[in-house]
Amino acid sequence: MTAKFPEEADIVRKMKDTIGEEIVEAKIPRPRRILIQVRRNAFKKAIQHLTQKANFTHISTITGIDVGDEIEAIYHLSRDGKIELSLKVRTPKDNPVLPTITDIIPGATLYEREVHDLLGVMFEGHPDLSPLVLPEGWPPDVYPLRKEWTIEEIEKEVAKGGKR
Amino acid sequence: MGFLKWIRAKSPWILHFNTGGCNGCDIEVVATLTPRFDVERFGIIKRGSPRHADVLAVTGPVTRQVKDRLVRIYEQMPEPKSVIAVGTCAISGAPFIGCYNVHGGIDSVIPVDVYVPGCPPKPEAIIDGLVKLISKLRADQE
Amino acid sequence: MPYPTIRIPFGPQHPALKEPEYFMFEVEGEYVVDVKPRIGYAHRGIEKAAENRTFIQDLYLIEHACGICSDAHTTCFTQVIEEILGVDIPARAKFIRTIIAELERIHSHSLWVGLAAHEIGFDTLFMYVWRDREIVMDLLELVSGNRVHYAINTLGGVRRDIAPEKSEKIKKGLDVLQERMKYYKEIGETEQTVLKRTAKIGILRPEDALALCAVGPTLRASGIKHDVRADDPYIAYDEIPFEVVTYDECDVLSRLLVRCDEMRESINIIRYALDHLPGGEISVKVPRRVPEGEAVGRVEAPRGELIHYARTNGTTKPERYMLRCPTLGNIPSVCKMLVGGYIADIPIVLAGIDPCFACMDRMAFVDVNKDKRWIWSGEELRKYGINWYQKE
């Protein structure tokens with residue numbers, strides 16, 4: 001951790017004080033950008049710390065990525081609109097479940113629905129995970145952003161039909 | 001019937017419908033109504049319902065959500081009707097070819113009479129397309 | 001107070017052809033009691049397609065995510081990829097990018113003022129504003145070659161320079177625009193037609209705006225002073241002085257006034273940038289292959305905070321590209337604003353967040369007391385609102 005960016009370094013240090021062993025990686029690539037990966041069991045605690053203690057109360061969006069055997073969810077949070085902290089957490093692809101954060105940040109509701117639609121992640125405790133962006137009649141289990149679904153295969157599957 | 005055709009060719013009523021595009025073509029279609037371009041001097045009026053429209057001006061690459069609705073709107077229009085595809089997306093789906101939720105090109109779904117290329121086409125080009133359509137309607141009638 | 005006339009659903013209903021509504025409103029008589037968004041009208045599958053294209057192809061794909069803020073998308077894309085590449089673009093390119101970004105903001109906000117006027121039936125104002133908006137469209141075409149989708153940004157800088165003669169034309173155009181926009185703002189603040197439909201309508205309290213993570217003019221009209229250009233500066237915003245505009249009334253009128261003042265600020269930013277345009281190159285060469293890495297880009301698009309994320313894997317194509325448009329960030333807030341309001345206010349409150357208007361084409365209604373359902377198009381709802389207020 002570099003002393004070049006003191007405010008960002010301080011945020012990382014305080015996170016380490018709270019959930020130290022559960023942090024997989026922490027980076028400060030440039031001013032106003034922090035990237036932290038945590039283990040799934042410490043994820044909710046990390047969100048609570050960031051929103052309640054470190055004042056990262058704004059969520060810009062949630063990025064979902066298929067990284068092979070796991071799905072990685074990146075929560076893009078910001079503090080006063082200034083520092084952007086991307087909190088990464090992974091969950092196994094054969095049973096991708098993460099706790100919802102809508103009880104802490106109501107504004108996350110549509111972002112969780114989108115990741116659910118496109119990658120199949122189940123957000124436990126979300127009040128309504130109904131489809132947000134995919135059309136009516138989209139075949140179940142076709143998660144477009146998963147790597148195993150190529151464009152050609154998606155089109156073949158959708159052409160076959162099948163209700164959602 | 002000849003009289004009605006003449007009336008239609010004189011002042012076509014247009015329904016504008018977006019099938020999931022970026023809105024670039026839509027703002028240029030709307031711009032044709034505004035004072036600099038003033039498409040109403042050709043007697044062209046925008047309508048809100050397919051049942052009153054002679055011409056369907058469609059933009060966008062036809063997303064899956066909207067395909068059935070596009071077909072229904074076309075079916076609800078009374079004959080004789082025409083379709084003008086505005087913009088490159090409406091013509092071929094580009095640049096969204098290879099996007100899983102896009103059909104690509106209006107004419108894969110409904111018949112098209114006039115194609116106006118551009119990304120987006122300028123309001124002058126859209127008016128040119130409409131004028132060509134009116135000329136075609138008049139020629140058909142003769 | 002009369003209940004709304006029960007309308008026959010728009011068009012024949014075929015059970016097999018189910019088209020999702022983009023907003024479903026639960027109403028009791030005149031009032032909205034719940035709103036369920038179900039967007040997806042314009043979901044094309046851009047993020048997946050981006051993984052199959054090279055970076056320069058993706059620049060053009062992502063530019064077309066939105067026709068009204070296409071420059072914001074390319075500014076964000078180049079910010080992200082240039083960060084991973086470790087490239088610093090020339091100073092002149094930063095200023096040119098800023099000038100185009102602000103011209104786009106003016107085009108977008110004036111477009112919005114016109115459409116908002118149309119929503120409340122004030123078509124004269126719509127026509128006047130869009131006539132004057134053509135000044136900015138001409139300037140965009142002068143500088144970039146196109147009125148919409150300017151493609152001015154490229155990886156490593158900008159594609160076209162701004163010659164001194166063009167600079168003079170831009171300043172002259174801005175002088176005219178400034179006078180006109182001042183006049184339209186006065187109309188907004190004083191015309192009864194506007195005030196009746198926008199003052200104290202669509203309230204979003206600051207604490208709700210923050211909890212629901214609103215962005216852009218919607219957030220700033222609730223008094224919250226957040227603007228990515230000031231908070232997380234990019235391109236030339238850290239070198240150009242400007243004000244972040246906020247208003248405190250939390251209503252649609254505030255959102256109108258925020259946008260009017262932002263246009264004034266944009267005009268000042270462009271003038272400053274033209275007067276202080278650094279010399280030098282307008283771009284640097286960048287490699288086709290992008291090293292492994294990841295980056296987050298944030299830009300203040302006309303509608304609010306725009307965020308992109310990229311992960312690269314050392315090839316010529318991205319591993320993952322994510323973009324979140326500002327409108328998505330404002331949908332929970334607009335649902336909050338609509339609940340407890342009149343059905344007649346739906347069009348202007350929805351318009352107040354400046355959404356992509358494709359998403360507003362089809363709205364379903366359920367009257368919970370009467371077990372009646374119906375569907376209105378945006379046009380039908382707009383006319384309902386105008387008639388309702390005329391009777392008031």
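Student: Which residues in H6(C) are met by Leu125(C), Val129(C), Asp132(C), Ile135(C), Val136(C), Asp138(C), Leu139(C), Leu142(C) and Val143(C) in H5(C)?
Tutor: This is a predicted model, in which local features need pLDDT of at least 70 and side-chain atom pairs count only at pLDDT 80 or more, while totals for chains, interfaces and linings use all residues. Residues are numbered from 1 along each chain as its sequence is written, with chains lettered from A and ligands numbered from 1 in the order in which they are written. Helices (H or I, at least four residues) and strands (E, at least two) are DSSP runs numbered from the N terminus, and a contact needs C-beta atoms, placed from the backbone, within 7 Å. On that basis, the H6(C) partners are Lys166(C), Lys169(C), Ile170(C), Gly173(C), Val176(C), Leu177(C), Arg180(C), Tyr184(C) and Ile187(C).

Student: Are H5(C) and H6(C) roughly parallel or antiparallel to each other?
Tutor: Axes are lines fitted to C-alpha atoms, for helices over the stretch in contact, with angles from 0 to 180 degrees between N-to-C directions. H5 (123-144) and H6 (164-190) of chain C pack at about 160 degrees, their axes 10 Å apart. Angles under 35 degrees count as roughly parallel, over 145 as roughly antiparallel, 65 to 115 as roughly perpendicular and the rest as oblique. H5(C) and H6(C) are therefore roughly antiparallel.

Student: How many residues of each class does the contact of H5(C) with H6(C) have?
Tutor: Ala, Val, Leu, Ile, Met, Phe, Trp, Tyr, Cys and Pro count as nonpolar, Asp, Glu, Lys and Arg as charged, and the others, Gly among them, as polar. The contact of H5(C) with H6(C) has 12 nonpolar, 1 polar and 5 charged residues.

Student: Which helix gives the most to the side of chain B that touches chain C?
Tutor: Here 30 residues of chain B are in contact with 34 of chain C. H2 (24-31) and H3 (64-76) of chain B each supply at least two residues of that side of chain B. With 6 residues, the helix that gives the most is H3(B).

Student: How many residues of chain A are in contact with chain B?
Tutor: The side of chain B that touches chain A divides into 1 nonpolar, 2 polar and 1 charged. The 4 residues of chain B are in contact with chain A residues numbering 5.

Student: How far apart do the C-alpha centres of domain 1 of chain A and domain 2 of chain A lie?
Tutor: Domain bounds come from an automatic or database domain assignment. For chain A it gives domain 1 (6-131) and domain 2 (134-164). The distance between their C-alpha centres is 27 Å.

Note on methods. Two residues are in contact if their C-beta atoms, placed from the backbone, lie within 7 Å.
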